[in-house]
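Work through the exercises below with the sequence and the model side by side. Try each task before reading its solution.

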Amino acid sequence: MPGRLFLFQWDDKAEARASALRAAGWTVDLETSDGARGCRAVLNHPPDLLLFDLARRASHSRATAEAIRGYKSVRRIPMLFIDGSELEIAKVKAKIMNALFTDSELLL
């Protein structure tokens, strides 16, 4: 049952992914360039799901996720990470408890 999600994706394909998620019934907020701005948006209007792309600038997604996890008010929001190398996935697993992972092909 789709709800509201916040997508962090650091490339020019972000809007296409957001559009596909909207077509699947999600309400999507999107951040493509500033993790701190996205973090503030999440704190001001918490979504049902946080979605992070690890395919590009994985360190940005990881740092943003860590920052968000630091706030008690949004700590229980599920974090789903898509794509990324085995190394990047391992780095996220080491930092973010209860993180979920999938491939973009399985997302929709």
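**Exercise 1. Determine the handedness of the unit made by strand 1, helix 1 and strand 2.**

Solution. Strand 1, helix 1 and strand 2 form a β-α-β unit that is right-handed. The test: with the strands pointing away from the viewer, the path from the first strand over the helix to the second runs clockwise. Helices (H or I, at least four residues) and strands (E, at least two) are DSSP runs, numbered from the N terminus. The model is predicted: local features need pLDDT of at least 70, side-chain atom pairs count only at pLDDT 80 or more, and totals for chains, interfaces and linings use all residues. Residues are numbered from 1 along each chain as its sequence is written, and side-chain values use heavy atoms, with hydrogens and water left out.

**Exercise 2. List the secondary structure of the chain in order.**

Solution. Count: the chain has four helices and five strands. Then read from the N terminus: β-α-β-α-β-α-β-α-β.

**Exercise 3. Work out the strand order of the sheet and its pairing.**

Solution. Start with strands 1 and 2. They run parallel and are joined by five bridges. In that pairing, Arg4 stands opposite Thr27 of strand 2. Go on to strand 4 (residues 79-82), which pairs with strand 5 in the parallel sense over three bridges. Here Phe81 has Phe101 of strand 5 as its bridge partner. Pairing requires at least two DSSP bridges between two strands. Now assemble the whole: an open sheet of five strands, order 2-1-3-4-5, with parallel pairing. Strand 2 (27-31) and strand 5 (100-102) are the edges, each pairing on one side only. Neighbouring strands are turned by 25° against each other on average, direction ignored.

**Exercise 4. Find which strands helix 1 and helix 3 touch.**

Solution. Take contact as heavy atoms within 4.5 Å. Helix 1 (residues 14-23) packs on the sheet and touches strand 1 (4-8), strand 2, strand 3 (49-53) and strand 4. Its direction makes about 165° with that of strand 2. Helix 3 (residues 58-69) also packs on the sheet, touching strand 1, strand 3 and strand 4. Its direction makes about 155° with that of strand 3. Axes are lines fitted to C-alpha atoms, for helices over the stretch in contact; angles run from 0 to 180 degrees between N-to-C directions.

**Exercise 5. Describe how helix 3 packs with helix 4.**

Solution. Helix 4 covers residues 86-95. The angle between the two helices is about 10°, and their axes lie 11 Å apart. Helix 3 is therefore roughly parallel to helix 4 (angles under 35 degrees count as roughly parallel, over 145 as roughly antiparallel, 65 to 115 as roughly perpendicular and the rest as oblique). Next, the residues: Ala58, Arg62 and Glu66 of helix 3 meet Glu88, Lys91, Val92 and Lys95 of helix 4. By class, the contact has two nonpolar, no polar and five charged residues. Ala, Val, Leu, Ile, Met, Phe, Trp, Tyr, Cys and Pro count as nonpolar, Asp, Glu, Lys and Arg as charged, and the others, Gly among them, as polar.

**Exercise 6. Locate Arg57 and state the sign of its phi.**

Solution. Arg57 lies in the loop between strand 3 and helix 3. Its phi is near 50°, a positive value in a residue other than glycine.
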